[in-house]
Amino acid sequence: FIENYMAKIINAKKKFFGTDGIRGPISSKTSPDFILKLGWAAGEVFKDQGISSFIIGKDTRISGYMLEAALQAGIISSGLNVRLVGPLPTPAISYLVSTFKSQAGIVISASHNSYEDNGIKFFDDKGQKISDELELLIEQKISEPIKVVEPENLGKAARLSDASGRYIEYCKNSLSKEISLNNLKIVIDTANGAAYDVAPKVFRELGAEVVAISDDPNGLNINQNCGSTDLNVLKKAVLDNNADFGIAFDGDGDRLIIVDSEAKALDGDDILFLLAKFKFENQIVLGSKGVVGTDMTNKGLENALSEMGIELVRSKVGDKYVLEKLLELGWQLGGEQSGHIICLDSVATGDAIIAAIKFFEAFLTFGKPLNEILASFKKYPQILTNIEVANAESILANKKFKNSCEKVQKEISEFDGKILVRKSGTESLLRILVEAKDSKVTEIHSKELTDLAKDLA
């Protein structure tokens, strides 16, 4: 129940990479000098993997210009080429690298973090996030001094001018030809992030009436009171515009939360259930009748899927690990409660725009009110608390805290409950998840663990 990464051998060896690349303040963890070194190290490692060039995208935060320059200088010094595409959603880079030979991808983004942070995500030539082993190789190379190749072997930089158009057409092609979005009115909140331009275009070109909000990035307002981490503005816009749905993207456009016409939020578990039910009822192949979630996935989803004869298998938290489990099992559908949804029948990684298209396709095919479609999915009461701490590892290792977790887990198991306590892989947070059939039991034990963690912080 304590997901302590220090106890896991590979993650214990990592110094820079978290659950989703490298992320942190540009004044320290992702400073230009470090990113320069990272670019060179990645170039050296990927060169040995047969890669000749990187496609580099970014979100809209102001530091992206600075880190883009540092990153490409490091890569070029290793002898590899660079193709720049500017601001595009993370999944767009995954798609683009898969359309070229011997290309890898890099996204400069801190996802849902505020503008003070930035980060780096890597994709291999198949458009998938790189393995833990490859991350370790890059980290090992970072410890070495930079060795610039001979001048005649330096890489070159160029701009890929049609990247946005390619990605828009790719997304549109994921919608069945028999389905149109003509009768839908959708509010789209792009979090002033990477999807600000392409997302509204995709849904307008698919026929929907689109109201775009939080689509005017200035480098500092990414994720600021908007997007998938703050739904208040989107909910109001859905009600004010009498819209059918709202979509909230995160800063780099790889995860989403959907809001219905009554401003009720649908998280990744809700979306997974609807997609799985759609495939089941329409006799569409669902891998081997399985869906991959994570340790945070609501037990209610597991129960609802089981009633349809669909197995839920859990991975570690992180869409990268969901994908690894899907590939291992040969399944197609998986995701996280936070809104990372992976539809391997259409895309090689989590893609929020395509997940939304698949959601609308399923909804329109059902031809029923949303509450009827979701009626058999009964969620367990669940409380997730994020505590800002600088010493998450010491709290997880504290004997008093560990004993308290053991006691709570034993008590809550009588109510078909669980706890999950872990250090965030993307922020300086300790995350405490408590879930049980009984809401009062959930509240009591959540407060008990949260209060203790705060006392120890």
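The exercises below, each with a worked solution, concern a predicted model.

**Exercise 1.** Determine which residues of helix α7 are buried, and which elements they pack against.

*Solution.* Begin with the helix itself, which spans residues 198–205 and in which Val 198, Ala 199, Pro 200, Val 202 and Phe 203 are buried. Next, follow the contacts of these buried residues, which pack against helices α6 (163–172) and α12 (352–366) as well as against strands β8 (185–189), β9 (209–213) and β10 (245–249). Finally, look just past the end of α7, where Gly 207 takes a positive phi of about 105 degrees.

**Exercise 2.** Decide whether Ile 247 is buried or exposed, and list the residues that it touches beyond four places in sequence.

*Solution.* Ile 247 is first placed in strand β10. Its relative accessible area is 0%, and because buried means under 20%, Ile 247 is buried. The residues that Ile 247 touches, not counting those up to four places away in sequence, are Ile 186, Val 187, Ile 188, Asp 189, Phe 203, Leu 234, Leu 256, Ile 257, Ala 356 and Phe 360; of these, Phe 203 is itself one of the buried residues of α7. As a further step in space, Ile 247 and Gly 309 are 62 residues apart in sequence, and their C-alpha atoms are 30 Å apart.

**Exercise 3.** Classify the packing of helices α15 and α16 from the angle between them, and describe the residues of their contact.

*Solution.* Two packed helices are described by the angle between their axes and by the distance between those axes. For α15 (residues 399–412) and α16 (residues 439–456) the angle is about 175 degrees and the axes are 11 Å apart. Since angles over 145 degrees count as roughly antiparallel, the two helices are roughly antiparallel to each other. On the α15 side the contact includes Phe 401, Cys 405 and Val 408, and on the α16 side it includes His 445, Leu 449 and Leu 452. The residues of this contact divide into nine nonpolar, two polar and four charged.

**Exercise 4.** Identify the edge strands of the open sheet with the order β14-β13-β15-β16.

*Solution.* This sheet has four strands with mixed pairing. β14 (311–315) and β16 (341–343) each have a single partner strand, so they stand at the edges and one side of each is left without a neighbour in the sheet. Neighbouring strands are turned by 20 degrees against each other on average, direction ignored. At one edge, β16 runs antiparallel to β15 (residues 333–335), to which it is joined by three bridges, and Leu 333 stands opposite Cys 343 in β16.

Conventions
Residues are numbered from 1 along each chain as its sequence is written. This is a predicted model: local features need pLDDT of at least 70, side-chain atom pairs count only at pLDDT 80 or more; totals for chains, interfaces and linings use all residues. Side-chain values use heavy atoms; hydrogens and water are left out. Buried means under 20% relative accessible area, exposed over 50%, partly exposed in between (1.4 Å probe, protein chains only). Contact means heavy atoms within 4.5 Å. Axes are lines fitted to C-alpha atoms, for helices over the stretch in contact, and angles run from 0 to 180 degrees between N-to-C directions. Angles under 35 degrees count as roughly parallel, over 145 as roughly antiparallel, 65 to 115 as roughly perpendicular and the rest as oblique. Ala, Val, Leu, Ile, Met, Phe, Trp, Tyr, Cys and Pro count as nonpolar, Asp, Glu, Lys and Arg as charged, and the others, Gly among them, as polar. Two strands pair if DSSP finds at least two bridges between them.
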